[in-house]
Each structure stands twice: as structure tokens, then as C-alpha cells.
2 protein chains.
Amino acid sequence: MDNFIFQNPVKILFGRGQTSLISNEIPKNSKVLLTCGGGSIRKNGVYDEVVSAMKGIDLIEFWGIEPNPVYETLMKAVEMARAENVDYLLAVGGGSVVDGTKFISVAIPYKGDPWEIIQKKGEPAVAIPFGCVLTLPATGSEMNRGAVISRRETKEKLAFHNDFAFPKFSVLDPIHTFSLPPKQVANGIVDTFVHVTEQYLTFPVDAAIQDRFSESILCALIEEGPKTLANLTDYNSRANLVWSATMGLNGLIGCGVPQDWVTHQIGHELTAYFGLDHAQTLAVILPNLLWVQRDSKRGKLIQYARRVWNIPQENEDKMIETAIANTKSFFESLGLATHLSKLGAGEDISEIIVNRFQARKLLPMGESKNLTAERIREILKLSI
Amino acid sequence: MDNFIFQNPVKILFGRGQTSLISNEIPKNSKVLLTCGGGSIRKNGVYDEVVSAMKGIDLIEFWGIEPNPVYETLMKAVEMARAENVDYLLAVGGGSVVDGTKFISVAIPYKGDPWEIIQKKGEPAVAIPFGCVLTLPATGSEMNRGAVISRRETKEKLAFHNDFAFPKFSVLDPIHTFSLPPKQVANGIVDTFVHVTEQYLTFPVDAAIQDRFSESILCALIEEGPKTLANLTDYNSRANLVWSATMGLNGLIGCGVPQDWVTHQIGHELTAYFGLDHAQTLAVILPNLLWVQRDSKRGKLIQYARRVWNIPQENEDKMIETAIANTKSFFESLGLATHLSKLGAGEDISEIIVNRFQARKLLPMGESKNLTAERIREILKLSI
């Protein structure tokens, strides 16, 4: 096991009706800015529930944080918060609203252009505290210190990580996610699955707990994913999905182990190029990345085959092949495509992506630094 | 899954040499009181390592916190800290030193008799912050908000739980535990195993992640326990044991599930009566408690048989019997006895324990409130 430092102070309020507790979490006499997305929370009752729980608290609202939240939009919320002397933020929505709110939180008190924080040219010294009422299980943002922000002007999409980006509290009420379209639920399952494999399918470092916790989440997704899609208002399976998504990216399973975020890195480029859903790009790339990297990921792939897919001990090459095929079938069973051509994106963009990675001096990539330009071309060729 | 609230802000510094980082965690110009046990840290080099990492920090020392830390001793540390205007504590030792330091931390600024905190007659309003350098993996105290304190005068042994009792940071360097006698290592494995079963072997509430995380820790202990005992300086197996012990009692696996702490409750009485090691009492009681409670724990016992012990699906009564027998054999394989008579404690103390539980109005006990006086007598009869 590698050395690690772990800390995650987020307070989780999990379950039916826990929104009613949020006023206890917000300091008395706060002026709160509610940050929201496009309006689905008005239809499913979450907005009303939040406003009723905040009775007596001075509240203003900012609407319109989009999927893949955009700097230009977020800066309008920053201006509003500054003008109104807001001292607490409450994100109500999915991962994009939470990510956007993380940026607003550090941007409000920042002296200078807040984009510097994203560019890692400036460090925030303070932040406006914020809480979160989650409506979509997928990104894990409700219990981590990261966010991804896009800038229209420069066509950039960049991540930032900061201890200020931990929510003070997050309400995870599975019922808040019942009205999601099945496609978004399936995307959340795949997004979580890939978050876990990126911290798990690398090379073994004898980290027994981290490995088994990762396998736990993968097994839970394989078991609970189809159940929650078959019955969109089944409380227990949805609760298990919500908690899986949170545990998949709150830092715990990544403690002291190598990580490989290349599926996400290639996925971000495919989203930028073809406008595909984030989870959809992951479903296409992951199985092919595992296949191309099956040499350096061999030990973990065999463990994955045995412990996650219950593949009996046999020829090890065959075990790996079956485990990767099962992964692909699982994504397909949830309704996601595993080939770009099925998404109307048949064009070979290998060179474009390879060139971008080269320009950013990222190659060779991956936990073993063996993912060369040639191997990335191979992954993308298999993905068409 | 039941509703839950979870928060654990402890910063973990895990791995080789992480003690060198502690001066970053302690505010500048602090006056620190080092709290220690009986002196083993002087022999194994941990004391020297800590003092060298604290160079330049104003440091005084309190020695002599005993196993099952005692109020009377701890109050001497409180007096010293008050007289010397200490504003940070650093516990260096095992669970008893950490538990004792938790009490010292809230007692120093407490107006009135600090024993009121333990008796739940008074709430601490502030506390002196503290960190911890752990030398014994077992209690989980390094990452939780609980402590058990004894009082000689009144022969009481009571637990207290408080958010102030979270360490600010804990250093978990597996090497610090290498010099432990094998018996203490084995005790730590059993203590952790039982902490997990007490949060896991109850009745099913469809909590997929909590169940699988619990099974993860149990499987890791079964696999890594014998390895670490076979080679007391093997870094990886010891690291896995240390992280298992921490994860077994930091609140995570207990989120949203029923719990059954009766094995610990009976165990505490056996320790008080016969002076037996804490883990030793748990090894005796757990298998018999599971057997007597096999009706109401049925669903979980079958799952435990299948997932932890890999017992093939067959007659379910037989599966349960085998799983409990395996549990017993596992404890015995680590060198612990599973019968009181083998510990020289053959006397039937059923009535004494039942009377104590009755006097405290605790009966019936357990997650299903079906552990009657009669069933406790049965457990103890099987335990002789």
C-alpha cells in the first residue's frame, strides 16, 4: 500500500425527508443564495421542499447553471452574491450545479479574476460556505473537493481541486432522484462504475481494503443498477445507487493506490468533439482501454474477473477477455452504446485527440506511463 | 436502508514515516502536552521519532495512562495541562491512550467536575484540540468520536461520545506496530472482527454498500490476519490490518443499518469480573451469541456464510452452523481461547451479569430486542 493522506469532512444527511434538517446546518442570520439548474426541481417538488425547510431564512435564487457548468454563467451568480452580500450558498441539483456552486463559493471573495483559480495561477484564501441538496447520483461532487468548469470563450474544460470545495453538508434523499429519466439514471450507474475502475484497475499494491471496497461498489452497481432501472421508484435500490455514487468518488477507495484517469481524459475530448453525454463516452472507451492495456493491468484484471464477475479460475487470458466482455455487456444492458458509430460519431478522431494530448505534454499516460500515442490510436480504433 | 447522518472529519496520515508531517498539523506557537502510556514507545523508537518531528515546538509530557484508562490518572494530566496552559494534546500510544486523551481534551476547559461529561450530566462546550500517533491497531479510536473511561473509586467503566472526541489528525504508520507482542496483534484482529460483525450481523435492511464494506473488512482480516502474525514485520499485511481496524469503527459501515453491541456489553462484564483481555472476552462470546440468536439473525448469517466464508449454497441451517464454527476456528487459529474454562474462569456468572443488565433496565437487548435474561444465560452456559 502506498502512503496517503485522507480527510473528508462533509456531513451527509441521507434518506427520506432529510431536507427538513438543513436549517440546522446553516448559521443563524445567514443570507443564502440558492443555486439551481434549469428548472426540473420545480416540477419534482424538490424546490418546494427546500424552500419550506428554509422558512425564516433570508433567501435569494440564481437559476440557469447548465450541464457542464460554464464560467460565464457562474460569474453572473458571483456578481449577484457580491451585490446582495450573500454569506451561504445552497446548491440544489445534480453534479453540475454542485460543481458550479463550488466555483461560485471560491470566486465570490477572490481578489482578481477568479478564472486564475481554475488555471492554478491563484489560490483562494477564503470561500463562502455551501451545502448541497443532490438530485442526481453520478459525479460524487456532493462529497468531494473537485469540480469541472468550462469556459465558452476559450473552449476550455478544466478541473479544480481545493479543500474549500468540500460542501459543509449534503442531503442525499433517494426520493429526489425518482423523477430522473432512465437514461440519466443509467448514465449515473456507468459514471460511478468508471470512477471506481479508474481507482481500481491499475496494478496491485496489496491494498486489501481499498480493493475490496472498490469491488463492493462494482458488485453493488451490477446488482442494484438493473433493479433501479426496472422500478424507478423502488426506494432501496435507488438508495444503494445514490450511496454507491457518493462512495465511488469521495477519496476513500483511492487512498494509497495508483490511479488511471485516462478513460475520463479521452471521454472529455469525445464530449467536446461530438457533444456526446459524458457517461456515454466512458462506456465506449473503458472496455477498449482495458483491452489495450491488458498487459500492464493483468494482475488486477484477473482479480476483477474473479471477484467482481465470479469467473472461475481458468486460462487467465480467457478470464480477462470474459471480464472485459462482461463490462461491455453490462453497459449495453443499461441502454448505453459501446461504439461511437452507434452514436453517429464514426469519424476517426484518433489524430486530433493524440495531438491534443501531445500538445499538453501528457503522453505517455496512465498509471504505468505506457499509454503511448500508438496505444491511444488503438483504443480509438476499437471504439469506432 | 435506514436514514442516517454521517460525518468524520479526522485527517489520516497513513504510512511509513508520516510522523514527520505532524508539525504541519499543529498550530504555530502551541504548547503541546504529549500523552503516553507505560513506556513501550521509548523502547520501539516511536517516542524519539515523535520528539524529533516536534522540534521547535514547546512540549511537555504526561506518562502513565494505563490500559482501560482511569479517570483518577487522567485528572492528573488535566491538572498538569491547566497549570502549564497547554493548548494542544498529542496522544502517542494505543486505543487506551487515545481514549484517555479524548477525556483530557474535554476535561481541561470544563467548568465543574469533568466526570459529569461521562455520566452525561454535562455537555462540554469547548475542548483542547488533539492529534494522535497510533501504535496499536484495534479500537478504531484514532478515527472516531468515542472513548471508554473507567473510574476506580466507583468501579464504573463508561463510554462517552462527542464530536470534540474526533482527533484533528491521526498518524497511522504500520511500522509503529511492528514491536507489538503477537498476542496484542491477535487481540486487535479479533477486536476489529467483532466491531464489524456487531454492525453487520443483525437483520437485513438492503444496505448493499454497508454490507459489502463490512464483508470486505472481515475477508481482509481472515486473509491478512494470519499473514501479519506469521511475519510480524511484513509491511503490507500490517498496513492492511491497521487500515481494517480504523475502517471497522469509524462510523462508515454502521451508517443506516441496525447494530448489536451485546457481545461488547457482555464482554465488558467478563473483563470486570475475571480481569480477562477485552478481545479475549469477545472471542468467547460472539460465536455463542450468534448461535443463540440464529433465528433473528438468520438472513444475515446465511449471507455471511456465503460471502465471507464462501460456503456453497446448501441446507441453510447447515450453512449457518458452519459459518459460526468457522468464526470460532478463526479466533482459535489466532491463539485466542473460545471457552472461559480454558481461561481459568469456569464459574457460572450468568446470574451476576443478568442481574446487572436487569438493574440497568437493559433487557431485552440486541437489535431485535429479543435477547432476554434466558438467552443471555444460554450464551454464557455455552461459553463456559
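**Strand pairing and contact between chains A and B**

In this predicted model, A:Phe6 has B:Ile12 as its bridge partner in strand S1 of chain B. This bridge concerns two strands that come from separate chains, since S1 of chain A, which covers residues 4-14, pairs with S1 of chain B in the antiparallel sense, and the pairing extends over 7 bridges.

The contact between the chains draws on 42 residues from chain A and on 42 residues from chain B, and the area buried between them comes to about 3600 Å², with carbon and sulfur atoms giving 58% of that area. Polar contact across the interface is found for 23 residue pairs, in which both residues have a pLDDT of 80 or more. Salt bridges across the interface number 2, and a salt bridge is formed by the side chains of A:Glu223 and B:Arg212, with a distance of 3.0 Å from N to O. On the side of chain B that touches chain A, at least two residues each are supplied by strand S1 (4-14), helix H8 (208-230) and helix H9 (235-248). The residues of that side of chain B comprise 24 nonpolar, 10 polar and 8 charged residues.

Within chain A, A:Thr19 is located in the loop that runs between S1 and helix H1 (22-25). A:Thr19 counts as buried because its relative accessibility is 0%, where buried means a value under 20%. When residues up to four places away in sequence are not counted, A:Thr19 touches A:Glu49, A:Val50 and A:Ala53, together with A:Val133, A:Val171 and A:His176.

How values were computed: Residues are numbered from 1 along each chain as its sequence is written. Chains are lettered from A and ligands numbered from 1 in the order in which they are written. This is a predicted model: local features need pLDDT of at least 70, side-chain atom pairs count only at pLDDT 80 or more; totals for chains, interfaces and linings use all residues. Side-chain values use heavy atoms; hydrogens and water are left out. Contact means heavy atoms within 4.5 Å. Buried area is the accessible area (1.4 Å probe) that two parts lose on being put together, summed over both. A salt bridge is a side-chain nitrogen of Lys or Arg within 4 Å of a carboxyl oxygen of Asp or Glu. A polar contact is a pair of N or O atoms within 3.5 Å; within protein, one must be able to donate a hydrogen and the other to accept it, and residues adjacent in sequence count only if both atoms are side-chain atoms. Helices (H or I, at least four residues) and strands (E, at least two) are DSSP runs, numbered from the N terminus. Ala, Val, Leu, Ile, Met, Phe, Trp, Tyr, Cys and Pro count as nonpolar, Asp, Glu, Lys and Arg as charged, and the others, Gly among them, as polar. Two strands pair if DSSP finds at least two bridges between them. Buried means under 20% relative accessible area, exposed over 50%, partly exposed in between (1.4 Å probe, protein chains only).
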